[in-house]
Amino acid sequence: MQVSAIIPSAGLGTRMGGIKKPFIFLGNKPILAWTLEIFQQCDAINSIIIVTAKGDETRCANEIIKSYHLNKVHDVVAGGETRQESVFNALCKARSDTDIVVIHDAVRPFLTKDMILKSIEQASQYGSAIIAVPVKDTIKESDDDGFVAKTLDRQRLWSIQTPQTFKYQLIMQSHILAREKQIQATDDASLVEQIGSHKVKLIMGRYDNIKITTPDDIYIAKAILKSKGMI
């Protein structure tokens with residue numbers, strides 16, 4: 001079975017004050033390097049495609065791939081205007097014999113090999129599988145005027161993370177259909193949901209599998225690294 005990892009890292013870092021998050025050092029290496037090393041070390045992953053901001057391809061090759069000896073990286077692809085378009089660009093560059101695609105945020109450096117393996121196993125069985133954790137807070141839905149419309153049942157709510165893993169043909173079909181119908185979604189699983197023929201399997205994740213988005217997240221990430229004895 002051929003498994004490819006797609007790592008979208010083409011964001012402009014707007015919420016980080018214009019600093020491109022994948023290249024920010026966390027401890028002794030860039031965030032993107034921390035993330036990629038997990039995939040490099042996972043035997044189930046055959047190849048990696050990185051999606052980087054247009055113009056950053058050479059920087060990514062020199063500062064990340066070569067510096068950290070990431071020989072599973074198959075290609076570095078320029079991103080599009082949206083994350084969805086960026087992932088589609090990478091899907092088009094996947095090896096022709098790819099069976100399973102693991103899509104993971106570049107700035108979630110605390111995923112584990114176990115998450116990757118479980119998501120591949122479940123996607124192989126069900127077609128799609130995503131890492132998630134139950135929400136801790138009470139969630140309320142608002143009306144158009146900013147008043148509470150209703151309180152949602154917390155027992156049925158999950159906070160979605162990555163990796164999100166799919167059979168290649170299913171996720172490619174979902175992206176093509178989204179392009180045809182001009183559907184925009186915030187994650188890849190939502191595109192599979194639009195097809196309606198496949199249920200997306202939830203896999204229990206970890207609360208420390210955070211996405212580094214704002215400057216405050218850097219402090220949290222450093223604390224996680226320290227707690228794991230990684231710095």
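**Close-up views of a predicted model**

**View 1. An open sheet of seven strands, with mixed pairing, in a predicted model.** The strands follow the order S5-S4-S1-S6-S10-S7-S11. Strand S5 (73–78) and strand S11 (201–204) form the edges, and each pairs on one side only. On average, neighbouring strands of this sheet are turned by 25 degrees against each other, direction ignored. Strands of a sheet pair through backbone hydrogen bonds, either parallel or antiparallel.

**View 2. Strand S6 between its partners S1 and S10.** Strand S1 (residues 3–9) pairs with strand S6 (residues 100–103) in the parallel sense, over four bridges. Within this pairing, Ser-4 stands opposite Val-101 of S6. S6 and S10 run antiparallel and are joined by four bridges. Here Val-102 of S6 has Thr-165 of S10 opposite.

**View 3. Side chains of strand S6.** In a regular strand the side chains alternate between the two faces of the sheet. In S6, Ile-100 and Val-102 point one way, while Val-101 and Ile-103 point the other way. All of these residues are buried.

**View 4. Strands S1 and S6 with helices H5 and H6 packed on the sheet.** The parallel pairing of S1 with S6 extends over four bridges. H5 packs on the sheet and touches S6, strand S7 (128–134) and strand S10 (158–167). The direction of H5 makes about 110 degrees with that of S10. Helix H6 (residues 188–195) also packs on the sheet, touching S6, S7 and S10. For H6, the angle with the direction of S10 is about 70 degrees.

**View 5. Surroundings of Ser-174 in helix H5.** Ser-174 lies in helix H5, which spans residues 168–181. The relative accessibility of Ser-174 is 1%, so this residue counts as buried, the cut-off being under 20%. Leaving aside residues up to four places away in sequence, Ser-174 touches Leu-191, Val-192 and Ile-195. Helix H6 covers residues 188–195.

**View 6. The charged end of Arg-59 over the ring of Phe-23.** The charged end of Arg-59 is 3.9 Å from the centre of the Phe-23 ring. The structure holds zero aromatic pairs.

**View 7. The charged end of Lys-136 over the ring of Tyr-207.** In this view the charged end of Lys-136 sits 4.1 Å from the centre of the Tyr-207 ring.

Key: Residues numbered from 1 in each chain as written. Predicted model: local features only at pLDDT ≥ 70, side-chain atom pairs only at ≥ 80, totals over all residues. Heavy atoms only, no water. Phe/Tyr/Trp six-rings, centres within 6.5 Å; stacked < 30°, edge-to-face > 60°. Lys NZ or Arg CZ within 6 Å of the ring centre and 35° of its normal. Helix = DSSP H or I, 4+ residues; strand = E, 2+ residues; numbered from the N terminus. Buried < 20%, exposed > 50% of the residue type's maximum accessible area, 1.4 Å probe, protein only. Contact = heavy atoms within 4.5 Å. Pairing = 2+ DSSP bridges. Axes fitted to C-alpha atoms, helices over the stretch in contact; angles between N-to-C directions.
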